[in-house]
Amino acid sequence: MRIIAGDWRRRQLRAPKGEGTRPTADRTRETLFAMLSSRLGSFADLTVMDLFAGSGALGLEALSRGAANCLFVEQDAEALRSLRANIAALRAQLQCDVRAGSVMALGPPKISPPDLILLDPPYYSGAGPVALEKLQRLGWIGEQSWIALETARDEELRFKFHTVEAERNVGKARITLLRAKASQE
């Protein structure tokens, strides 16, 4: 596993040991960031959240491409060790806020909603749409926020507060880009 583009291009990342997490494949990450680049233009100065962060590959990729900072949320102990080791190896501590715990345990934000929210929950868990609904209610998702959700290719998804902007299948994965609906029901 490696950073694909930006300041840390080709830098290796440590993946968590065991079966507790499933790192996003390089090809899937390349597709995701190509999709985001075509919509965002630049990642310069964006604020990012990497939820179900695992090794932090998604958030670190955004930082490598110019994002200002990233909030990582992960609850698995081995994944947290890899995430912290990756942040230290890249000397990115000042740009990173690591929260050890469940995405579902996040309370209301003390900051403005991020520009980009990256979610890579366990496949077939249904955790992505559930987490998005809670984050929307708490105020983590703003009108300007872009959301990227990785799920299994054949996983059925329903969104109450979000509109699908784009979808792409890559191998066993599906990448879904979302935005908050203009008016909440």
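I will talk through the nonpolar cores of this structure and then two buried residues, Glu61 and Thr151, keeping in mind that the model is predicted.

Let me start with the largest nonpolar core, which has 33 residues, and in which Leu32, Leu60, Phe72 and Leu177 touch the most other members. The elements that contribute two or more residues to this core include the helices α1 (26-40), α2 (57-64) and α3 (77-89), and on the strand side they include β2 (69-74), β6 (162-170) and β7 (173-180). Of these contributors, α2 gives the most, with five residues.

If we look at Leu60 itself, and leave aside residues up to four places away in sequence, its contacts are Ile3, Trp8, Leu13, Ser55, Phe72, Asn86, Ile87 and Leu90. Apart from this core there is another one, of 21 residues, and among its members are Val103, Ala127, Ile141 and Ile147.

Now to Glu61, which also sits in helix α2. Is Glu61 buried or exposed? With a relative accessibility of 0%, Glu61 counts as buried, and its side chain reaches the backbone nitrogen of Ala5 at 2.9 Å. Again setting aside residues up to four places away in sequence, Glu61 touches Arg2, Ile3, Ile4, Ala5, Arg29 and Phe33.

My last residue is Thr151, which is placed in strand β5. Thr151 is buried because its relative accessible area is 1%, where the cut-off for buried is under 20%. Which residues does Thr151 touch, not counting those up to four places away in sequence? They are Tyr123, Leu157, Lys172, Ala173 and Arg174.

Terms used. Residues numbered from 1 in each chain as written. Predicted model: local features only at pLDDT ≥ 70, side-chain atom pairs only at ≥ 80, totals over all residues. Heavy atoms only, no water. Core = buried A, V, L, I, M, F, W, Y, C linked by side-chain atoms within 4.5 Å. Buried < 20%, exposed > 50% of the residue type's maximum accessible area, 1.4 Å probe, protein only. Helix = DSSP H or I, 4+ residues; strand = E, 2+ residues; numbered from the N terminus. Contact = heavy atoms within 4.5 Å. Polar contact = N/O pair within 3.5 Å; in protein donor to acceptor, adjacent residues only side chain to side chain.
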